[in-house]
Each structure stands twice: as C-alpha cells, then as structure tokens.
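Here's a quick tour of some aromatic rings and a helix contact. Have a look at the model first, then read on.

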Amino acid sequence: MANAELIQKINEKLSEEFEIDIELIQPDALLMQTLELDSLDLVDMVVLVEHNFGFTLKAQDFIGIKTFQDFYDFIDSRVNE
C-alpha cells in the first residue's frame with residue numbers, strides 16, 4: 001500500500017491539474033469518473049506522472065486502475081522499483 005506522503009502528493013497534483021476538490025479524491029472512489037477524464041485528459045495524466053514521479057505511463061497501464069487506491073498502489077510500485 002502506498003504511503004501517506006505519496007498519497008498526499010498524488011492527491012494534491014490531481015486536484016490541481018484536474019481542478020477538482022481534493023475532498024472528492026478518496027481511495028475507493030472511481031478515478032476516471034471522479035476526475036471526469038476523457039482520452040485527452042489521459043495525456044495530461046501521463047505528463048503529470050512523468051513530471052512529478054519520474055516514470056512514463058502507457059495506455060495499457062490504466063487497464064487495471066479503477067479506483068484512486070489502484071492508482072496509488074501503481075504509482076507506489078513504480079516509484080519504489
């Protein structure tokens with residue numbers, strides 16, 4: 001499970017980038033629906049992750065990511081490789 005500091009950083013970056021109230025970002029909330037992401041927004045997400053966490057996402061990386069917790073765990077696993 002991702003650590004609290006990493007989760008806070010992810011939430012702050014997502015809230016800022018996608019202009020959403022940080023309180024709506026909850027571990028069990030659905031990522032795509034909560035952030036109202038479309039295919040162009042996924043490009044922004046890739047850039048955000050690359051810029052802030054030092055690795056590149058690919059479209060297939062999103063296949064298993066449904067909730068924010070899935071996203072936290074994915075980022076944590078890549079950051080701590």
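## A buried ring to start with

Phe74 is a good place to begin: this residue is buried, with a relative accessible area of 17% (buried means under 20%, exposed over 50% and partly exposed in between, using a 1.4 Å probe and protein chains only). Phe55 is buried too, at 8%.

A word on the ground rules: this is a predicted model, where local features need pLDDT of at least 70 and side-chain atom pairs count only at pLDDT 80 or more, while totals for chains, interfaces and linings use all residues. Residues are numbered from 1 along each chain as its sequence is written, and side-chain values use heavy atoms, with hydrogens and water left out.

## Two ring pairs

Searching the whole structure turns up two aromatic pairs. Rings of Phe, Tyr and Trp (its six-membered ring) pair if their centres lie within 6.5 Å; planes under 30 degrees apart are stacked, over 60 edge-to-face, and the rest tilted.

Phe55 and Phe74 pair edge-to-face, 6.1 Å centre to centre with 70° between the planes. Phe55 sits in the loop between helix H3 (39-53) and helix H4 (68-79) and Phe74 in helix H4, so the pair ties together parts 19 residues apart in sequence. Helices here are DSSP runs (H or I, at least four residues), numbered from the N terminus.

Phe68 and Tyr72 make a tilted pair: 6.5 Å centre to centre, 40° between the planes. They are four residues apart in helix H4, so about one helical turn separates them. Both Phe68 and Tyr72 are buried.

Note on methods. Helix = DSSP H or I, 4+ residues; strand = E, 2+ residues; numbered from the N terminus.
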